[in-house]
Amino acid sequence: MFLLYLDDSGSVGNVREDYFVLAGVTLPENSIRWCCHELETLAEEIWPDAPRSVEFHASEIFGGRGAIWSRFNKEERILLIKRVISVLDNAHSQIRVFACAVHKASFPGQDPVELAFEDISSRFDLYLQRISTESHRERGLIVLDRSSYENSLQSLTHEFRRQGNRWGNQLRGVCEVPLFVDSQASRIIQLADHIAYAVFRFYNAADASYFNLLEGKFDEHDGVFHGLSHRQSYTHHCMCPACLSRRYSS
Ligand SMILES: [Zn+2]
């Protein structure tokens, strides 16, 4: 069983932001303890007396908000965000990053949350099919931060399984409905938050400083970044890794 932990970055309704991002990390169930332990160790270093009170939330860390993060200067806070992402440096090769960046103005009248979720769940399903063998079919479960999307995404997943998505695939390996958890209780959702933040900064602000740490972590096969998707209609010449790798492969 593989779990895909997702979180979002960027606000759907904020007209000052061009992008909405859904992103996160998939890992086999036997790697969950390892990943939680790595992040818990970092939390213990930051606040030894009460590590459980440390919740890694990239935009709060960057802004120095709250009693914990306000103790650090800006450089230290940027380094902390990078250290959370860098937990992936020692990850097993089956632990892969997935992200979808939706350019909101390219899809007027459409819900960027649904677009991104449909995109990522299809890519996750294809990943599971690719790593499955004849004797062992991998299954997947999507885990999301409990948020306002809970109801809409649950019904959307049901719909995918019933009708297949708009590209004609059906989610064969992904369990019926996503699991919703509180980000405070899940260290891996907090890691997903940092991945979403890194991808959002890259597309929305052309800031690659966090995104570069994800190099080599996206699901990639035959030279295509299947794990990274840039949904936009404003240019055919985008030079981002997602668009560039698809142009070269075709
Ligand atoms: Zn692109």
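Which strands does helix α5 lie across, and at about what angle does α5 run to β3? The legends below take this up, starting with the whole chain.

**View 1. Overall fold of the predicted model.** The protein has eight helices and six strands. Along the sequence they follow the pattern β-β-α-α-α-α-β-α-β-α-β-α-β-α. The C-alpha atoms fill a box of roughly 50 × 45 × 35 Å along the principal axes. A compact globule of 250 residues would have a radius of gyration near 18 Å, and the protein agrees, with 18 Å. Of the 250 residues, 39% count as buried. Among contacts with a separation of 6 or more, 67% link residues 24 or more positions apart.

**View 2. The open sheet of six strands.** The strand order is β5-β4-β1-β2-β3-β6, and the pairing is mixed. β5 (179-181) and β6 (228-231) are the edge strands, each pairing on one side only. From one strand to the next, the twist averages 20°.

**View 3. The β1 and β2 pair.** Strand β1 (residues 2-9) and strand β2 (residues 19-28) run antiparallel. Eight bridges join them. One residue to find here is Leu4, whose bridge partner in β2 is Thr26.

**View 4. Helix α5 on the sheet.** Helix α5 spans residues 112-131. It lies across β1, β2, β3 (96-103), β4 (140-145) and β6. Its direction runs at about 150° to β3.

**View 5. Helix α7 on the sheet.** Helix α7 (residues 187-205) packs on the sheet. It touches β1, β2, β3, β4, β5 and β6. The direction of α7 makes about 140° with that of β2.

Key:
Residues numbered from 1 in each chain as written. Predicted model: local features only at pLDDT ≥ 70, side-chain atom pairs only at ≥ 80, totals over all residues. Pairing = 2+ DSSP bridges. Helix = DSSP H or I, 4+ residues; strand = E, 2+ residues; numbered from the N terminus. Axes fitted to C-alpha atoms, helices over the stretch in contact; angles between N-to-C directions. Contact = placed C-beta atoms within 7 Å. Rg over C-alpha atoms; globule rule 2.2 N^0.38 Å. Buried ≥ 20, exposed ≤ 12 C-beta atoms within 10 Å, placed from the backbone.
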